[in-house]
Amino acid sequence: MHPRDQTIFALSSGRPPSAIALVRVSGPQAGEVVTVLAGRLPPPRMATRALLRDVGQRPIDDAVVFWFPGPASATGEDVAEFHIHGGRAVLSALFAALSAFADVRTAEPGEFTRRAFENGKLDLTEAEGLDDLIHADTDRQRHQALRQLKGLLGDRARDWRVRIIEASALIEAGIDFSDEGDVPAELIAPALAKVKALLSEIEDVLAGQGRSERLRDGLVVAIAGPPNVGKSTLMNQLARREVAIVSPHAGTTRDVIEVQLDLDGYPVTVIDTAGIRETDDPVEQEGVRRARARAADADLVLWLSDSPQAAIHHDGSAPIWKVRNKIDLGEAGRPLAEPGQASFQISASRGDGVPELINALVGFAQNYFGGSESGLIGRTRQRKLLEDVVAALRRCLAVVGQGEELAAEELRSAGHSLGRLLGRVDVEDILDVIFREFCVGK
């Protein structure tokens, strides 16, 4: 039997022990499994209390059972849910009882969602939104993922694809009736009007999204600078806990330390790097090399120093904010900064100026992510495919004077890209990559 025809089961709730655990079963034998374990098949979509027994009639647990016959279920298949007590022994006994059935096996990561996708319960953008919702750490990530899960991008993409097909039909009809005088012109003119309107609409969507797809991974801010200027102290201030070792000795931080922050709903990864200086210590040299590389890849660099004349040694293209630390040890002076370069004065040990720095980071994140609050685009894959659609529509308008056949081919290419966005054509190569990122039980 093909693995997709087998019945699967998995724990769909949190790690045991817990008060209640939810075990989900999906597939053609789900009804038989419920009948044997619970003694009868419950009424559809009604909570039913039952004493679960294994195939040897040994009791497992007093549980609540739900029965969702397909196709009116989450996966489109017959689905059963067992709500049991969340002890490890109870789960182990139920899993053993489920495994005793022929062609019933544990689910792979994301297999429930993949079956829902394959059975038309959700498109690929909605599946990606579900994964993003599961992994959302901040409120803004949650909002964006929920928009994806509700199908807002998928609905727009389906509408765009229908309009492309309509324009393509007009152009191909013009090709078919090319020997009938003015018929081709009457068909091609409205087709081109549809293409122009569609092109403008998708371009507006792309332009208005900012870096919305980056909201999944978050903003990366690197704290860099020479040794012993308070980088680790500032890191602890931003994290509001002790995440980095603070020492008066230069070279204490020798590796890259990361902490995830939620700044007004924006996910921000702050990196504490080794002090950048010339050294003969091979371990510290490696720390400096890693610090330079990580700072070069950051979206923003906070260059920390205890002197307004400190030089900046940075190889990347990210914006640099000059932060003068230790103003509590002397008179605060105006930090020297290049034109257009932000500068701050703080005391990382006392917290002076840190709230202002955090507020500035929130403002930077707002500008960086742009339209992510109402963004339709949640992943780089989605943006790339929409850019492919725009490119194909532009080529269609450019070649229409050279032959309707060329224009029709470009419309087919645009429709194909939208099909890939929805996961309906030629996406087998990426499905495994997407669904294996899910947790088991989803």
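Arg163 is partly exposed because its relative accessibility is 21%, where partly exposed is the range between buried (under 20% relative accessible area) and exposed (over 50%), using a 1.4 Å probe and protein chains only. This is a predicted model, in which local features need pLDDT of at least 70, side-chain atom pairs count only at pLDDT 80 or more, and totals for chains, interfaces and linings use all residues. Residues are numbered from 1 along each chain as its sequence is written, and side-chain values use heavy atoms, with hydrogens and water left out.

Arg163 meets Glu201 in a salt bridge, meaning a side-chain nitrogen of Lys or Arg within 4 Å of a carboxyl oxygen of Asp or Glu. The whole structure holds 26 salt bridges, and here are three of them:

| Pair | N to O distance | Relative accessibility |
|---|---|---|
| Arg163, Glu201 | 3.0 Å | 21%, 23% |
| Arg49, Asp62 | 2.5 Å | 65%, 30% |
| Glu409, Arg412 | 2.8 Å | 43%, 41% |

Glu409 and Arg412 are 3 residues apart in helix α12 (residues 404-422), so about one helical turn separates them. Helices here are DSSP runs of H or I with at least four residues, and strands are runs of E with at least two, numbered from the N terminus. A network of salt bridges also links Glu77, Arg105, Glu111 and Arg115.

Now for a loop residue. Phe101 sits between α2 (88-99) and β6 (104-106) and counts as buried at 9% relative accessibility. Beyond four places in sequence, Phe101 touches Glu32, Val33, Val36, Leu37 and Val55, where contact means heavy atoms within 4.5 Å.
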